[in-house]
Amino acid sequence: MRRFRHRPDRACAADEAVVHGLLLDRDVDPRWIERAGWQVLRDAGRVPAADAAPEVFARWLEADGFARDLLGQTQLTLVEIERPLTALRRWLLLERRHGDFPDTAAALIAQAGHHGGTWLFDALEEDALSDAADFAAAYLPPLPGHAAPDHADPVTRAVAAQYAGWPYPVWQRAMRDPPGGLDRLRADHGLAPLADGAHLLVAGCGTGREAQRLATDAPGAQVTGIDLSPTSLAYARERCDAPNLTLCELDLHRAGEVGPFDHIASSGVLHHLADPEAGWAALAAALKPGGTMRVMLYSRFSRMQVRAARARIADLVDRPVTPALVRDVRARFIDEPDHPIVRSVDFHSMGGVHDLLLHAHEDAFDLPRIGRALAALGLDLLQIDLPGRAARDAWLTDHPDDPHLRDLAALHAWEIRNPRLFNGMYPIWCAKRR
Ligand SMILES: C[S@@+](CC[C@H](N)C(=O)[O-])C[C@H]1O[C@@H](n2cnc3c(N)ncnc32)[C@H](O)[C@@H]1O
């Protein structure tokens, strides 16, 4: 399973039955195997050449149930497949052939439900859509937006409005790992397992995937997910089925009102606040002494490539964010399949492009700033995770006495030399002093 996630390029035609089985497995996140699935099809020689006629793609998709399942189960994240399929969709619409290829049309409609309308189209297609009601959802799926309540703070108001438009992140099914992951991490640091009935918080839970995973990891605990965005919470309620999970609309600055907690997780949230340290302090105050916390914070070094990408679309970033603007942003990058922005999963959904390139507010961290915040908040650093075994092995070779990456000064120097070390965010594990 993990090999398909981490090395999709090594999947081959002989893996089809296994990969197809995983794609449909209710306990597996289909995003993890999407790229391996397309690689299986390419290795089997089933994907037509990119410049083949749209009708060739239509005949292939109509006959290939595995390819259609890939489109139906999760969002496509490979522009080299998206582009010919966009041409296919155009042909089906303009030549009025979608009725001749019903399974293909259904797969494109299901795929649009995942990407939310990010695939590019031109004025001719836009005009033709009014006469093709049964195929319009392949272009413009219904928007799920729920109005965001007003907030006094302007940054909170802007961030809430952003996530009211599109839920973020989109997901289909959460990975269901064997329970006990959090307890194993706590044991590594000499901490007792969570007691039955322990209270866990996911602050800024968005569309709920992390909260669902935490609730299945700790089935004896009570997990609360809070977020500002009614749109994301509605999306979360449709998908999360863990009986020990409660979701509610609440600003994380008020987390203490639903605490105290034995563990708090907050991923990709604090750096979107007007004052990230104040938000972090509110979470620390809601944590019991001895409780643990995992926060994921943007690294200003690994966000450099996003800043460079934003510079390329400087004429677009200040406009109101609409579906058409998101498509204009994508059009600037889509011919570069290997660009890191294009390889990012976020490039392939409406909410993802908004979050990645058009965010209302972000204030990225570096490791010295994290060190200062931990000291000020009375939090002890337990560990920082590095993405990927190669980076971890390299760190251990240089720093055999620091397996948990607690020497922030050394890690900072290392990150300056390897600015992409953290793949976007620092995963910080810490505990509140007793
Ligand atoms: C980038 S998304 C991350 C969602 C989720 N944690 C994940 O990793 O999938 C940021 C989320 O933080 C939420 N958020 C931002 N400011 C917040 C606040 N003050 N209180 C609660 N949630 C907030 C947003 O509504 C949004 O859902």
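Biologist: Which atom of the ligand lies 2.6 Å from a polar side-chain atom of D227?

Modeller: The model is a predicted one. D227 is among the residues that come nearest to the ligand. The polar side-chain atom of D227 has its ligand partner at 2.6 Å, and that partner is an oxygen atom.

Biologist: Which residues come nearest to the ligand?

Modeller: There are 19 residues around the ligand. D227, with its polar side-chain atom 2.6 Å from a ligand oxygen, belongs to the nearest group. That group consists of G204, D227, D251, L252 and S267.

Biologist: How far is a backbone N or O atom of S267 from a nitrogen atom of the ligand?

Modeller: S267 is one of the residues that come nearest to the ligand. Here the backbone of S267 supplies the atom, and the ligand supplies a nitrogen. The distance between them is 2.8 Å.

Biologist: Which residue has a polar backbone atom 3.4 Å from a nitrogen atom of the ligand?

Modeller: For D227 the polar atom belongs to the side chain. The contact at 3.4 Å uses a backbone atom, paired with a ligand nitrogen. The residue is L228.

Biologist: Where is the proline that follows Y168 in a cis peptide bond?

Modeller: The peptide bond from Y168 leads to P169 and has omega near -10 degrees. The flanking helices are α9 (154-165) and α10 (181-188). P169 is placed in the loop between α9 and α10.

Biologist: What is omega for the cis peptide bond that joins G259 and P260?

Modeller: P260 sits in the loop between β3 (245-249) and β4 (261-267). The bond that joins G259 to P260 is cis. Its omega is about 5 degrees.

Biologist: Where does R96 lie?

Modeller: R96 is a residue other than glycine with a positive phi, near 50 degrees. The helices on either side are α6 (79-94) and α7 (102-115). R96 lies in the loop between α6 and α7.

Biologist: Are α18 and α20 roughly parallel or roughly antiparallel?

Modeller: Helix α18 covers residues 367-377 and helix α20 covers residues 408-417, with their axes 9 Å apart. They pack at an angle of about 155 degrees. Angles over 145 degrees count as roughly antiparallel. The two helices, α18 and α20, are therefore roughly antiparallel.

Biologist: How many residues of the contact of α18 with α20 are charged?

Modeller: The α18 side of the contact is L367, P368 and G371, and the α20 side is L408, L411, H412 and E415. These residues divide into four nonpolar and two polar. The charged residues number one.

Biologist: Are α2 and α5 roughly parallel or roughly antiparallel?

Modeller: The axes of α2 (residues 16-24) and α5 (residues 65-73) come within 10 Å and cross at roughly 30 degrees. Angles under 35 degrees count as roughly parallel. That makes the pair α2 and α5 roughly parallel.

Biologist: Which residues of α5 meet E16, V19, H20, L23 and L24 of α2?

Modeller: The crossing of α2 and α5 is left-handed. On the α5 side, the residues in the contact are F66, D69, L70 and Q73.

Biologist: Which residues of α3 meet E16, V19, L22 and L23 of α2?

Modeller: The axes of α2 and α3 (residues 31-43) come within 10 Å and cross at roughly 145 degrees. This crossing is left-handed. The residues of α3 in the contact are I33, A36, G37 and V40.

Notes
Residues numbered from 1 in each chain as written. Predicted model: local features only at pLDDT ≥ 70, side-chain atom pairs only at ≥ 80, totals over all residues. Heavy atoms only, no water. Axes fitted to C-alpha atoms, helices over the stretch in contact; angles between N-to-C directions. Helix = DSSP H or I, 4+ residues; strand = E, 2+ residues; numbered from the N terminus. Parallel < 35°, antiparallel > 145°, perpendicular 65-115°, else oblique. Contact = heavy atoms within 4.5 Å. Nonpolar A, V, L, I, M, F, W, Y, C, P; charged D, E, K, R; others polar. Near = heavy atom within 4 Å. Polar contact = N/O pair within 3.5 Å; in protein donor to acceptor, adjacent residues only side chain to side chain. Left-handed = near helix turned anticlockwise from the far one by under 90°.
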